[in-house]
Amino acid sequence: MSLSRRDLIELGLAGTSAALAGTAVKAQPRSKLPDSERIGVAVVGIGKLSQGQIIPALRTTAGVKLAALVSGHPDKARRVAAENGLAADAIYSYEDFDRIAHDPRIGIVYIVLPNFLHKEYTLRALKAGKHVLCEKPMATTVADAETMIAAAKAAKRHLMIAYRCQYEPKNLEAMRRIRSGRYGKPRLVVTDMLRDSDLNEPSDAWRLDMVKSGGGALADMGIYGINGARYLLGEEPVEVRAWERTDRTDPRFKTVPDMIAWQFRFPSGAMANGSTSFSVGGTMRWDVFCDKARLRGDPGAYYNGNHFEIFSSPDAGEVHIAEVDQFAREMDWMGDVVRGRVPMVSPGEEGLQDMRLIAAILRSVKDGGRPVAIDWHYTRAHDPAVAVTLA
Ligand code: NDP
């Protein structure tokens with residue numbers, strides 16, 4: 001898909017034109033809705049991501065707010081509830097989670113559990129009549145992802161996957177510039193999503209378990225590269241080849257693969273090289289080589305501090321764009337989807353596409369790098385480059 005300059009202006013992508021001129025772009029602050037109009041979010045699982053990013057972001061969101069906590073640790077839940085002004089009756093355990101059906105304070109359930117629990121809590125939340133925002137990867141198997149999508153359809157509720165980079169200013173700006181055709185055709189995307197891991201760290205222990213994570217580093221970190229190549233290019237791959245390098249004597253890699261490298265072939269002729277690892281790192285970066293320029297996000301998928309730079313074109317240099325809290329933007333987006341104000345950009349189907357690609361990569365790995373056809377005719381309903389605004 002290619003957007004003309006006129007399209008960009010009509011879409012109100014003022015940030016794009018200002019950034020092209022080399023000036024810093026300020027994100028527009030979004031005014032908060034009155035408390036009574038903000039949709040309540042129940043955060044399920046108070047682990048690292050919830051405590052470090054999601055719950056703090058919910059203090060800044062404009063259209064949604066923290067309404068409940070679901071946890072297996074009552075002491076921790078009471079502490080976090082008190083810190084965030086939540087009443088004691090807004091704390092649920094996993095056992096009494098289904099009572100949320102009778103809690104009108106909750107409109108959206110945000111599932112921030114280990115991957116193997118995403119399906120169960122998505123189904124229970126949908127059964128309780130709530131909309132679901134689910135962390136990536138959406139599940140540990142393709143079949144579970146399909147079940148989640150079918151359940152949301154049957155319940156007539158929204159199911160969104162928390163692909164925060166699709167709501168992040170620098171990634172959005174890169175997508176828009178690529179779609180504009182300004183740099184010619186995108187030909188090659190390179191993504192490297194790697195970090196070290198520690199079996200003694202509880203939040204890594206389940207990630208290093210194949211059943212609980214659905215694929216180790218590939219499912220945890222590699223997914224940013226899989227998703228990133230797709231949204232940066234704005235098209236879907238049709239063939240993959242992949243290779244693995246794992247030291248099976250390393251106690252971390254008894255069940256999960258470690259380093260995986262893959263290549264996607266896209267219908268336009270573009271290629272993507274991806275790599276991921278849980279033993280070397282750490283970076284989350286991407287490069288897009290176009291006919292006339294190279295766009296680089298290094299880092300390109302961090303929570304903050306991403307660095308977006310253009311090489312070899314009249315626009316050469318760093319692109320300065322004000323940061324916004326990706327988690328807040330993503331949760332506000334979900335709130336606006338529920339209100340019917342904006343389109344669903346990262347639905348269950350978007351998560352399923354990555355689940356299928358992860359499975360195909362693992363299949364190719366198993367077959368020593370044999371090419372695997374991966375054309376399921378998936379097309380995204382809404383291009384983030386067009387749909388997502390920053391405020
Ligand atoms: P953690 O292990 O830190 O937290 C998971 C929490 O889930 C635990 O603290 C616990 O909370 C709860 N839990 C319930 N049952 C279990 C169980 N059997 N084993 C372990 N924990 C359990 O993980 P993260 O917060 O790092 O990741 C959670 C999810 O968020 C994952 O799907 C991950 O992929 C995703 N993620 C996404 C990121 C992004 O940038 N979008 C970044 C990091 C993670 P409690 O004690 O309250 O019950």
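Tutor: Let's start with a term: a strand is a DSSP run of E with at least two residues, and strands are numbered from the N terminus. Gly282 has its place in one of them, strand 11, which covers residues 279-290. Please keep in mind that this is a predicted model.

Student: What kind of peptide bond runs from Gly281 to Gly282?

Tutor: That bond is cis, with omega near -10°. Another cis peptide bond leads from Asp298 to Pro299, where omega is near -5°. Pro299 sits in the loop between strand 12 and strand 13 (308-311).

Student: How confident is the predictor, going by the average pLDDT of the chain?

Tutor: The average is 93, and 92% of the residues score at least 70. Residues 1-29, however, have a pLDDT below 50; in the model this stretch makes 44 contacts beyond near neighbours in sequence. Where pLDDT is low, predicted coordinates should not be read in detail.

Student: Why is Ser197 called buried?

Tutor: Its relative accessibility is 9%, and buried means under 20%, so the word fits. You will find Ser197 in the loop between strand 7 (186-196) and helix 8 (202-205). A polar atom of its side chain lies 2.7 Å from the backbone oxygen of Phe278. Beyond its sequence neighbours within four places, Ser197 is in contact with Asp204, Leu208, Arg252, Phe253 and Phe278.

Student: How do you know whether Gln166 is buried or exposed?

Tutor: Gln166 has 0% relative accessibility, so it counts as buried. The cut-off is again under 20%. Gln166 belongs to the loop between strand 6 (159-161) and helix 7 (169-180). Residues it touches, not counting those up to four places away in sequence, include Leu172, Tyr231, Glu350 and Arg380.

Student: What makes the pairing of the Gln166 and Asn227 side chains a polar contact?

Tutor: The distance is 2.8 Å, and a polar contact needs N or O atoms within 3.5 Å, one able to donate a hydrogen and the other to accept it. The pair therefore qualifies, with 2.8 Å falling inside the limit.

Student: Why is Arg296 called partly exposed?

Tutor: Its relative accessible area is 23%, and partly exposed covers values between 20% and 50%, so Arg296 belongs there. Arg296 is part of strand 12 (residues 294-297). Its side chain joins that of Asp287 through a polar contact of 2.9 Å.

Student: And what label does Thr141 get from its relative accessibility?

Tutor: Thr141 counts as partly exposed, because its value is 34%. This residue lies in the loop between strand 5 (131-134) and helix 6 (142-155). Its side chain reaches the backbone nitrogen of Asp144 at 3.0 Å.

Student: Why is Lys156 called exposed?

Tutor: Lys156 has 69% relative accessibility, and exposed means over 50%, so the value passes the cut-off. Lys156 also has a positive phi of about 55° although it is not a glycine. Its place is the loop between helix 6 and strand 6. Ser312, with a relative accessible area of 55%, is exposed as well, and its phi is near 50°.

Student: What makes a group of residues a nonpolar core?

Tutor: The members are buried residues of certain kinds, including Val, Leu and Phe, joined through side-chain atoms within 4.5 Å. The largest such core here has 115 residues, and Met138, Phe264, Leu295 and Ile361 have the most contacts inside it. Helix 10 (residues 216-233) gives the most, with 11 residues. Among the contacts of Ile361 away from its sequence neighbours are Leu218, Val240 and Trp262. In soluble globular proteins, nonpolar side chains tend to be buried together.

Student: Which of the residues around the ligand come nearest?

Tutor: There are 28 residues around the ligand, and Ser71, Lys76, Tyr94, Asn115 and Arg164 come nearest. A polar side-chain atom of Lys76 lies 2.7 Å from a ligand oxygen. For His73, a side-chain N or O atom is 2.7 Å from an oxygen of the ligand, and for Tyr224 the corresponding distance is 2.8 Å.

Student: How much of the ligand does the protein bury?

Tutor: Taken alone, the ligand exposes 890 Å², and the protein buries 84% of that.

Notes
Residues are numbered from 1 along each chain as its sequence is written. This is a predicted model: local features need pLDDT of at least 70, side-chain atom pairs count only at pLDDT 80 or more; totals for chains, interfaces and linings use all residues. Side-chain values use heavy atoms; hydrogens and water are left out. Buried means under 20% relative accessible area, exposed over 50%, partly exposed in between (1.4 Å probe, protein chains only). Helices (H or I, at least four residues) and strands (E, at least two) are DSSP runs, numbered from the N terminus. Contact means heavy atoms within 4.5 Å. A residue is near a molecule or strand if one of its heavy atoms lies within 4 Å of it. Accessible areas come from the Shrake-Rupley method with a 1.4 Å probe; for residues, only the protein chains shown count as cover. pLDDT is the predictor's confidence in each residue, from 0 to 100.
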